[in-house]
Amino acid sequence: MRLRGEDRLLTDGPFMETKEHLLGFLLIDVPDLDAALDWAARIPAAAIGTVEVRAVKTGQPWQAVLA
């Protein structure tokens, strides 16, 4: 997702170009994709770069630590 002004530019992936770098990640618990995109639009980096939104597989051992 890219945010340009008030417009959200969505690209259905997954893909990764070699010039991209992972600068960090946020893990949020939301009920659906629309809520995730609303949160992604609040990230300042969305205005100048790209924010990738991915689903997380549930039932993983690390999730018990966060509970």
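Here are a few short exercises, with worked solutions, on the predicted model shown above.

**Exercise 1. Get your bearings: work out how many helices and strands the protein has, and in what order they come.**

Step 1. Count the elements: the protein has two helices and two strands.

Step 2. Now walk along the sequence, and you'll meet them in the pattern β-β-α-α.

Step 3. Check how much is tucked away: of the 67 residues, 13% are buried.

**Exercise 2. Decide which element has the highest mean pLDDT and which the lowest.**

Step 1. Start with the whole protein: the average pLDDT is 76, and 70% of the residues score at least 70.

Step 2. Go element by element: helix α1 comes out on top with a mean of 88, while helix α2 (residues 61–66) sits at the bottom with 64.

Step 3. Keep a rule of thumb in mind: predicted coordinates shouldn't be read in detail where pLDDT is low.

**Exercise 3. Find the salt bridges and say which residues make them.**

Step 1. Get the total: the structure has two.

Step 2. Take Asp38 and Arg8, whose side chains form a salt bridge with an N to O distance of 2.9 Å. This pair ties together distant parts of the chain, since Asp38 belongs to helix α1 and Arg8 to strand β2, 30 residues apart.

Step 3. Ask how open these two partners are. Asp38 has a relative accessible area of 35% and Arg8 has 37%. Partly exposed covers the range between 20% and 50%, so Asp38 is partly exposed, and so is Arg8.

Step 4. Look around Arg8 a bit further: the C-alpha atoms of Arg8 and Ala41 are 7.6 Å apart, with their positions 33 residues apart along the chain.

Step 5. Move on to the other bridge, where Arg54 pairs with Glu52 and the closest N and O atoms are 2.4 Å apart.

Step 6. Classify these partners too. Arg54 has a relative accessibility of 61%, so Arg54 counts as exposed. Glu52, at 45%, is partly exposed.

**Exercise 4. Work out which charged residue lies over the face of Trp39, and how many aromatic pairs the structure has.**

Step 1. Look above the ring: Arg42 lies over the face of Trp39, 4.2 Å from the ring centre.

Step 2. Now hunt for ring-to-ring pairs: the structure has zero aromatic pairs.

Step 3. Find a loop residue to set beside Trp39. Ile28 sits in the loop between β2 and α1, and its C-alpha atom is 8.6 Å from that of Trp39, although the two are 11 residues apart along the chain.

Step 4. Is Ile28 buried or exposed? Neither label fits: with a relative accessible area of 42%, Ile28 is partly exposed.

**Exercise 5. Identify the residues that make the nonpolar surface patch, and explain why Phe25 qualifies on accessibility.**

Step 1. Name the members: Phe25, Leu27 and Val56 make a nonpolar surface patch of about 330 Å².

Step 2. Place Phe25: this residue is in the loop between β2 (7–9) and α1 (33–41).

Step 3. Test Phe25 against the cut-off. A patch residue needs over 30% relative accessible area, and Phe25 has 69%, so Phe25 clears that bar and counts as exposed.

Technical notes. Residues are numbered from 1 along each chain as its sequence is written. This is a predicted model: local features need pLDDT of at least 70, side-chain atom pairs count only at pLDDT 80 or more; totals for chains, interfaces and linings use all residues. Side-chain values use heavy atoms; hydrogens and water are left out. Patches are made of residues with over 30% relative accessible area and no salt bridge: like charges are joined within 9 Å, nonpolar side chains (Val, Leu, Ile, Met, Phe, Trp, Tyr) within 5 Å. Accessible areas come from the Shrake-Rupley method with a 1.4 Å probe; for residues, only the protein chains shown count as cover. A salt bridge is a side-chain nitrogen of Lys or Arg within 4 Å of a carboxyl oxygen of Asp or Glu. Helices (H or I, at least four residues) and strands (E, at least two) are DSSP runs, numbered from the N terminus. Buried means under 20% relative accessible area, exposed over 50%, partly exposed in between (1.4 Å probe, protein chains only). Rings of Phe, Tyr and Trp (its six-membered ring) pair if their centres lie within 6.5 Å; planes under 30 degrees apart count as stacked, over 60 as edge-to-face and the rest as tilted. A charge sits over a ring if NZ of Lys or CZ of Arg is within 6 Å of the ring centre and within 35 degrees of the ring normal. pLDDT is the predictor's confidence in each residue, from 0 to 100.
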